[in-house]
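Me: Please take a close look at one part of this protein with me. I would like to see how its two domains are joined and what surrounds the join.

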Amino acid sequence: MKDWTQDVLARLSEASEPHQVLAQISAAARHLGFEHCAYGLRVLVPLTRPKTAMLSTYDSRWNRRYLDAGYLDIDPTVAHGVRSGAPVIWSNEVFRTAPGLWDEARSFGLRVGFSQSVFEADARVGMLSLARSCESLTTAEMRAKDTLLQWLVITAHRALCPLLGESPLKGIPPLKRRQVELLRWTGDGKTSDEIASIVGISKPTVEFHFRNAITSLGVNNKYAAATRASRLGLLN
């Protein structure tokens with residue numbers, strides 16, 4: 001196992017473009033018994049305009065159909081993937097809310113598969129999907145291949161995430177300790193007057209720190225600042 005993973009890492013180290021990386025991930029997926037692979041990266045900020053980038057070895061006709069039909073917005077594996085890092089095995093039950101998508105995917109040979117996400121603290125989440133046209137994916141197979149599958153999910157994410165979407169933290173200066181403290185209280189619903197009383201500083205000082213945080217985060221008010229800072233992992 002170690003020799004194989006080291007070989008994959010060596011090949012990935014020579015790949016500098018997304019399609020080159022995907023080719024190596026695809027080869028690794030075939031080694032594990034899957035014919036196709038796909039990777040999607042979603043940047044979860046701004047909340048109303050999240051950005052998504054996708055790469056796959058699927059049939060190009062299916063890739064076009066998936067986008068044209070708006071399947072990205074109703075794909076239950078995507079909905080699961082932005083909420084949980086647990087693997088999801090494709091099934092009729094998983095796709096019960098999108099039977100049309102499931103029927104069409106299977107018509108393109110994507111009949112068996114699983115998807116799993118990896119989360120970054122800066123509001124980026126990447127999901128790797130592996131698929132094949134036959135042979136059901138059993139619990140026994142998942143258990144037997146679990147270590148290698150988990151390794152491949154993480155490895156694919158580490159290789160493709162920086163190539164498909166830069167961190168939304170880029171260009172944001174580090175927040176001051178006091179700014180973080182006050183934004184946490186704002187996130188808990190406290191007013192400026194209440195925060196001033198809680199932390200023992202004047203309201204004008206509270207507002208001063210809020211203005212600086214708002215500027216740093218590129219938002220319009222303290223509530224948006226608290227929301228964005230929280231989403232970006234800056235209040236942890």
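**Two domains and the link between them**

Reply: The domain assignment of this protein gives domain 1, residues 1–164, and domain 2, residues 177–232. Keep in mind that the model is predicted. The protein has 10 helices and 5 strands. Its C-alpha trace spans about 65 × 40 × 30 Å along the principal axes.

Start with the two domains as a pair. Their C-alpha centres lie 38 Å apart. In the contact between them, 7 residues belong to domain 1 and 4 residues to domain 2. The two domains bury about 480 Å² between them. Of that area, 67% is on carbon and sulfur atoms. Now look for charged pairs across the join. The count between domain 1 and domain 2 is 0 salt bridges. Polar contacts across this interface also come to 0 residue pairs, with both residues required to be at pLDDT 80 or more.

Next, the link. Ser167 sits in the loop between α6 and α7. Is Ser167 buried or exposed? Ser167 has a relative accessible area of 19%. The cut-off for buried is under 20%, so Ser167 counts as buried. What does Ser167 touch, leaving aside neighbours within four places in sequence? Its contacts are Asp122 and Arg124. With Asp122 the link is a polar contact, side chain to side chain, at 2.6 Å.

Those two partners are also tied to each other. Arg124 forms a salt bridge with Asp122, and the closest N and O atoms are 3.0 Å apart. Side chains of opposite charge can pair when their charged atoms come close. Both ends of this bridge are buried: Arg124 has 11% relative accessibility, and Asp122 has a relative accessible area of 7%. So the picture around Ser167 is a buried serine, in contact with Asp122 and Arg124, which form a salt bridge.

Compare another pair. Glu166 forms a salt bridge with Lys170, with the closest N and O atoms 3.3 Å apart. Here Glu166 is exposed, and so is Lys170.

A further salt bridge joins the side chains of Glu141 and Arg132, at 2.7 Å from N to O. Glu141 is buried at 14% relative accessible area. Arg132 is buried too, at 5%. Through shared partners, salt bridges join Arg132, Glu141 and Lys145 into one network. Across the whole structure, a search finds 12 salt bridges.

Now step into domain 1 and its packing. The largest nonpolar core has 28 residues. Ile25, Phe34, Phe114, Leu128, Leu130 and Leu152 touch the most other members. At least two core residues come from each of α1 (2–13), α2 (18–31), β1 (36–43), β4 (112–119), β5 (124–132) and α6 (139–164). Helix α6 supplies the largest share, 8 residues.

Take Ile25 as an example. Beyond its neighbours within four places in sequence, Ile25 is in contact with Leu12, Cys37, Leu128, Leu152 and Ala156. A second, separate core holds 25 residues, including Val125, Leu183, Ala196 and Leu232.

Helix α6 also carries Trp151. Which residues does Trp151 touch, not counting those up to four places away in sequence? They are Trp4, Thr5, Val8 and Leu9. Trp151 and Thr5 are 146 residues apart along the chain, yet their C-alpha atoms are separated by 8.5 Å.

Cross the loop and you reach domain 2, where α7 covers residues 177–187. Which residues of α7 are buried? They are Gln179, Val180, Leu182, Leu183 and Thr186. An α-helix has 3.6 residues a turn, so residues three or four places apart point the same way. What covers the buried residues of α7 includes α8 (192–199), α9 (203–217) and α10 (222–231). Just after α7, Gly189 takes a positive phi of about 90°.

Finish with the whole chain. Of the 236 residues in the protein, 44% are buried. Among contacts between residues at least 6 apart in sequence, 62% join residues at least 24 apart.

Notes. Residues are numbered from 1 along each chain as its sequence is written. This is a predicted model: local features need pLDDT of at least 70, side-chain atom pairs count only at pLDDT 80 or more; totals for chains, interfaces and linings use all residues. Side-chain values use heavy atoms; hydrogens and water are left out. Buried means under 20% relative accessible area, exposed over 50%, partly exposed in between (1.4 Å probe, protein chains only). Helices (H or I, at least four residues) and strands (E, at least two) are DSSP runs, numbered from the N terminus. Contact means heavy atoms within 4.5 Å. A nonpolar core is a set of buried Ala, Val, Leu, Ile, Met, Phe, Trp, Tyr and Cys residues joined through side-chain atoms within 4.5 Å. Domain bounds come from an automatic or database domain assignment. Buried area is the accessible area (1.4 Å probe) that two parts lose on being put together, summed over both. A salt bridge is a side-chain nitrogen of Lys or Arg within 4 Å of a carboxyl oxygen of Asp or Glu. A polar contact is a pair of N or O atoms within 3.5 Å; within protein, one must be able to donate a hydrogen and the other to accept it, and residues adjacent in sequence count only if both atoms are side-chain atoms.
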